[in-house]
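Here are a few exercises to work through with the model open beside you. Take each task first, then compare your reasoning with the solution.

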Amino acid sequence: MAEVKKVIFVALGFPNVEVRRFLYSNLMLEYHNDGHEVFVIAADNTIRKSAISVEGGMTILRVPSLELYGNNKLIKGLSNMLLPFLYKRALKKHKIKLDFDLIFMPTPPITLIDVAFWLKKKTKGKLYLILRDIFPQNAVDLKMMKENGIIHSYFRKKEIKLYKTSDFIGCMSPANVAYVKKHNPYLDHGKLHLLPNWAAVKELDGVDQGVTKAQFGLEGKIVAIFGGNMGLPQKLENIINLAKSCQELDDLVFYLIGKGTQQKKIAQMIQDLKLENIILKEHLPRNEYNALLRVSDIGLISLHEDFTIPNYPSKVLAYYQFKKPVLASVDVNTDFGTFQEKINCGLWSEAGNTEALKKNLVKLYKDEKLREELGQNGYDYWINNLTPKHAYKIASSQV
């Protein structure tokens, strides 16, 4: 076992691990299971008073907050800006001893920077940045923020300070590492390393192996599924246009599940185009979604073509887990598509090119053996490279 360290994870949200696990709780559980002391601080807009609990052997301090995930940009922005103050106040109120050896902070959101700085100064611990969002450039790409404007300049200064202050920076893909190096030449590049996304094997537990397409009203159908956020970054118009171009394929169904700022727009687009080959749902319980994913045939990925930063969609891990071939519509600045080619788990085309995307879809639609081969390749890559144990090994080797 490694030397015991006191670890704090500064989270935006953190579901009870005894009910549901996600990317970061799986990593923190690996630290706990290897004997480290793990403390988590996270926001919770369903409570009125901060409270401490022990979940999965980890100590969790949940702090009341305003809505963090709604469509009201003003409330969401204010909530995120208030978090550092609320976190500091809660840590002081509960008299938490600030003697942490290691501080984990993920992005998004960048607003947690201030509390991470404060903890680093108070504890003298090392700051490990899990970089999952290159902000504010992604907001500039999507025209949500004016480049070199007051707001952009403010957040860019915070971004630079974060990179300088962090002792270790884990990036999602080689293109992410290269991007940060190129646009931050002042930075000690030795801090940067590859830390791909991860998913736990246990997430497959409880999936009904006897479920069939008929139970979802999909008997005799080839199902292309998308599950996740429906916002500007995903630009699901690319998938809607694909569905529109495939109406002659009577047994092909596009099943889209998710919420987000663009969900209503997508629903209206489906209605206006009178597309009967799309099923759109805001939500499915996790067990139902996993059961649907198990009987689906193709996993869909979509990214906005205007991105200059190399995004890497985390939802692909669910497709790997359930052995689904990946059909991707992505921008040219990400290395996601070429990586899919490298491990031979899917097909991709440039976002906005409906003709090329349809050509790839038809290949998968017509060839069940190809779907099985690509799906198995994705599964094999995940199980051998992208579990929480792999992420823990990478992170702990840096510290």
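**Exercise 1.** In this predicted model, work out why strand 10 (residues 252-257) is described as largely enclosed by the rest of the structure.

*Solution.* Start with the cut-off: a residue is buried when its relative accessible area is under 20%. Six of the six residues of strand 10 are buried, so the rest of the structure largely encloses this strand. Next, take the faces in turn: L252, F254 and L256 are buried on one side, and V253, Y255 and I257 are buried on the other. Both faces are therefore covered, in keeping with the strand being largely enclosed.

**Exercise 2.** Find the strands that pair with strand 10, and trace how the chain travels between them.

*Solution.* Begin with strand 9 (residues 222-227), which runs parallel to strand 10 and is joined to it by six bridges. In this pairing, I225 sits opposite Y255 of strand 10. To get from strand 9 to strand 10, the chain passes through helix 7 (residues 237-245) in a right-handed β-α-β crossover.

Now turn to strand 11 (residues 278-281), also parallel to strand 10, with four bridges between them. Here F254 faces I278 of strand 11. The chain goes from strand 10 through helix 8 (residues 263-273) to strand 11, and this β-α-β crossover is right-handed.

**Exercise 3.** Identify the residues that touch the most other members of the largest nonpolar core.

*Solution.* This core has 46 residues, and I41 and Y87 touch the most other members. Helix 3 (residues 113-123) supplies the largest share, six residues. Leaving aside neighbours within four places in sequence, the contacts of Y87 include I41, V63, L112 and V115. A separate core of 33 residues has L284, L293, F322 and F339 among its members.

How values were computed:
Residues numbered from 1 in each chain as written. Predicted model: local features only at pLDDT ≥ 70, side-chain atom pairs only at ≥ 80, totals over all residues. Heavy atoms only, no water. Buried < 20%, exposed > 50% of the residue type's maximum accessible area, 1.4 Å probe, protein only. Helix = DSSP H or I, 4+ residues; strand = E, 2+ residues; numbered from the N terminus. Pairing = 2+ DSSP bridges. Right-handed = clockwise from strand over helix to strand, strands pointing away. Core = buried A, V, L, I, M, F, W, Y, C linked by side-chain atoms within 4.5 Å. Contact = heavy atoms within 4.5 Å.
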